[in-house]
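User: Could you take a close look at one spot in this model for me, and then place it in the wider picture? I'd like a plain account that I can follow with the structure open.

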Amino acid sequence: MATAVMPEIARVREVGGSLRRHLRGVVVVWRRELIRFGRDRTRMITSLVQPVLFLFVLGTGLSTIARTASIGVSFETFMFPGIVGMTVLFTSVFSAISIVWDREFGFLREMLVAPVPRWSLVLGKCLGGTTVATIQGCIFLAFAGAVGVPYSPVMLVEVVGEMALMAFTLTAFGVLLASRMQQMQSFQVVVQFFVMPMFFLSGAMFPLSGLPSWLTALTKVDPLSYAVDPLRRAIFDHLHASPLALRTLDPGISWNGWKLPVGLELGMVAVMAAVLLGAGMVVFSKTD
Amino acid sequence: MRALAKPAAGPATAGPAMATAPAAPPAPAGPAVVLEHLSKRFGDLEAVRDVSFSVATGELFGLLGPNGAGKSTTISMLCTLLRPSAGRAMVGGADVVTERAKVRGRIGLVFQDPTLDEYLTAEENLRFHGELYGMTGSHLGERITQVLEMVELADRRKDEVRSFSGGMRRRLEIARGLLHSPRVLFLDEPTVGLDPQTRAHIWSYIEMLRASEAITILLTTHYMDEAEHCDRIAIIDHGRIAVLDTPSALKEAIGRDRIEISVAEPEKAIEALKGHFDIDATVSEGSVAFYVQDGDQFVPRLFSEGGIAISAVRIARPTLDDVFMSYTGRTIRDAEATSGELLRSSPHVRAAVARRRR
């Protein structure tokens, strides 16, 4: 029974309309993502299982037929940047999809009725997913040495920056999808129709050179290609690979014979991030 | 499946107590909640029809009615979660349509469905809420301790919510609704699905709150016994306010005793009551029920003059259930069954429910 703990009369708190109020939503949502990530060790470990399987089991297995070693780069080394991208891809999208869980379990409503603008919740969620996916990507980066990729500080800084940009874009994409998603079942659809095709076409698993023209066209349409390519180029820059190996395994993305510079590719990803984030904010603001 | 379009009702909390909080702005004069001709349609279903009333600052006000009567829809509009189709409403002095952020900062909500993050601890849930509502630093810390003590969860503050029982979760939700010291607390079916002992606890917190936080509370319930706690209640049915008054005034106004008789053939009994005594009786929950001025004296007449084969008689003094019956023609349980069916058959509501079920 209520043990008469009579709190003193509460002070009134008026909620102002300042920028600080808006940023508050961002920080609070971001921090929750981190708390939940940090608490869920199982998720941290299990989400490393898939990339490890791809890299060391599938990669090693395929290397017997994909004889890239003859040109000086093992197939696992070739796959490494792609699998880093895969780790970021899945972690980001999964993290964004947790909005659907929040809806399912009611917590979303607690956020929706708060006196903060909806866009700040979206931004917080995107930054949370970015942080989590980048951390996860960094953990996977630790395997670099096992596939002959040097731990060069310059390369690591580049790769981490590119992972963060990629993670932000993909989380924003996931949030946009999740804003309209009512049940967890729809998630399978998203994975089958968006995530897997994007992943396969991105050049994460095979080089984007010498493909049939229909496949080449698709890889150029896949936005993820423009996020994976900078990762591969950053890593190959530090491999001392032969010109032949570079031409075959790290061809870059060309439009009409013009090889896109990394800066442009990253710029395109950043523009996508902005568009997806904006769209996510608009759609989420209409959620009830 | 719930019958009504059940938008999230929010938890709300209460208000400022100006007397003891010198730093606080003065509480607004006048009522804490005002509704003027508020309506809400979902397609061709009118969930709330032209509802007007006001709730005084510090009042405990109950919205009473079966599931699907429009209670939760009304609350959702007051909490800014649904836009009214017509009419207007002010909560804590701010308009629910044009000043949504202000309203949200001044209300606390305790939803009918759980809205806690089970993977966060009790304290983390509260901290998340407090920071979203602009609380910081030691003030927030003190306030968290205060509300956790109030609902007797202080010793569980570091535990993840998924280890909590249903009653503990509800208490934590109430604590959270109060954390930011709102002016108006909305409790949407605060005790539904809880065992009687926990219900009693929750009510003791609500009573304590009124004493300690000078808060205005607007609650919905379909438990008639709980409505007795309220200063005033409004009975809402089919989206309209059927009647609004204090519980005792409502019961007095009926002034009649309710008699229920168990008979083998209800239709014949109803006919006989009409023929011999000019009484309109109805079938309710398997018995024939009717109202008379003085039950004690009527029953002997019923047996001597009625000519009805009666196997059992029950006389009851007026309760809020009878008030509900007399204003709506049904007991609340009958009303619940029929309104549920009615609503489920409407495609609009089904769609709305599906959307809102999350």
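Is B:S54 buried, partly exposed or exposed, and why?

Analyst: B:S54 counts as partly exposed, because 15 C-beta neighbours sit inside 10 Å of it; a residue needs 20 or more to be called buried, and 12 or fewer to be called exposed. Bear in mind that this is a predicted model.

On the chain, B:S54 belongs to strand β2 of chain B, which covers residues 45-55. If you leave out residues up to four places away in sequence, B:S54 touches B:P31, B:V33, B:V34 and B:L35. Follow the chain to B:G65 and you have gone eleven residues from B:S54, with 18 Å between the two C-alpha atoms.

Now for a contrast: helix α1 of chain B, residues 71-78. Eight of its eight residues are buried, so the helix is largely enclosed by the rest of the structure. The buried set reads B:K71, B:S72, B:T73, B:T74, B:I75, B:S76, B:M77 and B:L78. Just past the end of α1(B), B:T80 has a positive phi of about 70°.

Stepping back to chain B as a whole, you'll find 13 helices and 14 strands. Of its 358 residues, 48% are buried. Take the contacts between residues at least 6 apart in sequence, and 74% of those in chain B link residues at least 24 apart. The domain assignment splits out domain 1 (33-247) and domain 2 (256-317), and the centres of these two domains of chain B, taken over C-alpha atoms, lie 41 Å from each other.

Chain A has its own make-up, with eleven helices and two strands. Reading from the N terminus, ten helices come before the two strands, and one more helix follows them. Along the principal axes, the C-alpha atoms of chain A fill a box of roughly 80 × 40 × 35 Å. Buried residues account for 45% of the 288 residues here. Again counting contacts between residues at least 6 apart in sequence, 84% of those in chain A join residues at least 24 apart.

For a helix pair to look at in chain A, try α1 (residues 19-39) and α5 (residues 118-141), which pack at an angle of about 35° with their axes 7 Å apart. Their crossing is right-handed. On the α1(A) side, the contact residues include A:H22, A:G25, A:W30, A:E33 and A:F37, while α5(A) brings in, among them, A:S120, A:L123, A:K125, A:G128 and A:V132. Sorted by class, this contact has twelve nonpolar, seven polar and two charged residues.

Last, the nonpolar cores. In soluble globular proteins, nonpolar side chains tend to be buried together. The largest core in this model has 155 residues, and B:V91, B:A175 and B:F186 touch the most other members. The element giving the most to this core is helix α3 of chain A (residues 75-104), with 15 residues. There is also a second, separate core of eight residues, including B:I259, B:A269, B:A272 and B:L273.

Notes:
Residues numbered from 1 in each chain as written. Chains lettered and ligands numbered in written order. Axes fitted to C-alpha atoms, helices over the stretch in contact; angles between N-to-C directions. Helix = DSSP H or I, 4+ residues; strand = E, 2+ residues; numbered from the N terminus. Left-handed = near helix turned anticlockwise from the far one by under 90°. Contact = placed C-beta atoms within 7 Å. Nonpolar A, V, L, I, M, F, W, Y, C, P; charged D, E, K, R; others polar. Domains from an automatic or database assignment. Core = buried A, V, L, I, M, F, W, Y, C linked by C-beta atoms within 7 Å.
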